[in-house]
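Here's a quick tour of a protein chain for you to follow along with. Keep the picture open and look up each residue as it comes up.

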Amino acid sequence: MSAGLRSGQVAERAGVNLQTLRYYERRGLLAEPERTNGGHRLYGEEAVTTLRVIKAAQRLGFTLEEVAELLETGRHRHGRPVAGLQERAVAKLAEVDARIADLTTIRTALAAAVDAGCDDLTVCAGSGCCPIPFTDLAEESRHVGPCC
């Protein structure tokens, strides 16, 4: 094979480092590249595309295992009904929505703690007016006095 991209070229074009390229190759996310007579790896342009797809999918919240499954599904569908991107994207969207709801709850509790002037978590949790919703896990407060 005379044409092709060397490892460094592929990594640079895809925006990853060489260790990432090698790792994805070992994991089977990238096809085994051809080699020159001198043993240098030579990749096709599709390797750059695959690496970009992997990184984009990870930014969308897919784990590397999920990305591997999506890539494998895409390679072996052959008309069979297999859970592909659409179904997995719907599931990932539900996970993201749940995380957003959790983060909104956390943000609300933290904002209330800031507004209440909480400065010491232990003291605040022991007070009856602690805005942090985890106080019900602590013992009943015997402390009476100003909040935090």
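Start at the N terminus and walk along: the elements of the protein chain run α-α-β-β-α-α-α-α. That comes to six helices and two strands. Keep in mind that you're looking at a predicted model, not an experimental one.

**The chain as a whole**

- The protein chain has 148 residues, and buried residues make up 26% of them.
- Its accessible surface comes to about 10300 Å², and carbon and sulfur atoms account for 55% of that.
- Now for contacts between residues with a separation of 6 or more: 45% of these involve residues 24 or more positions apart.

**Salt bridges that tie helix H2 to other parts**

- The structure holds six salt bridges in total, and a few of them are worth a closer look.
- Take Arg41 and Glu25, which form a salt bridge whose closest N and O atoms are 3.2 Å apart. This pair links distant parts of the chain, with Arg41 in strand S2 (residues 41–42) and Glu25 in helix H2 (residues 18–27), 16 residues apart.
- Are these two partners buried or exposed? Both Arg41 and Glu25 are buried.
- Arg27 and Glu65 also meet through their side chains in a salt bridge, at 3.0 Å from N to O. Here Arg27 sits in helix H2 and Glu65 in helix H4 (residues 64–76), so the pair links parts of the chain that are 38 residues apart.
- Arg27 counts as partly exposed because its relative accessibility is 34%, which falls between the 20% and 50% cut-offs. Glu65 is partly exposed as well, since its relative accessible area is 45%.

**A network between helices H4 and H5**

- Lys92 forms a salt bridge with Glu66, and their closest N and O atoms are 3.0 Å apart. Lys92 lies in helix H5 and Glu66 in helix H4, with their positions 26 residues apart in the chain, so to speak: they're a distant pair.
- Why does Lys92 count as buried? Because its relative accessibility is 6%, and buried means under 20%.
- Glu66, on the other hand, is partly exposed, with a relative accessible area of 22%.
- There's a third member here too: Glu66, Lys92 and Glu95 are linked in a network of salt bridges.

**Two sides of helix H5**

- Helix H5 covers residues 85–116, and Leu110 lies in it. Leu110 is exposed because its relative accessible area is 52%, and the cut-off for exposed is over 50%.
- Leu110 has company on the surface: together with Leu103 and Ile106 it forms a nonpolar patch with about 300 Å² of accessible area.
- Ala113 lies in helix H5 too. With 10% relative accessibility, though, Ala113 counts as buried.
- Which residues does Ala113 touch, if you leave out those up to four places away in sequence? They are Cys118, Pro131 and Ile132.
- Ala113 and Cys130 make a nice example of folding back: they are 17 residues apart in sequence, and their C-alpha atoms are 7.4 Å apart in space.

Note on methods: Residues are numbered from 1 along each chain as its sequence is written. This is a predicted model: local features need pLDDT of at least 70, side-chain atom pairs count only at pLDDT 80 or more; totals for chains, interfaces and linings use all residues. Side-chain values use heavy atoms; hydrogens and water are left out. Patches are made of residues with over 30% relative accessible area and no salt bridge: like charges are joined within 9 Å, nonpolar side chains (Val, Leu, Ile, Met, Phe, Trp, Tyr) within 5 Å. Accessible areas come from the Shrake-Rupley method with a 1.4 Å probe; for residues, only the protein chains shown count as cover. A salt bridge is a side-chain nitrogen of Lys or Arg within 4 Å of a carboxyl oxygen of Asp or Glu. Helices (H or I, at least four residues) and strands (E, at least two) are DSSP runs, numbered from the N terminus. Buried means under 20% relative accessible area, exposed over 50%, partly exposed in between (1.4 Å probe, protein chains only). Contact means heavy atoms within 4.5 Å.
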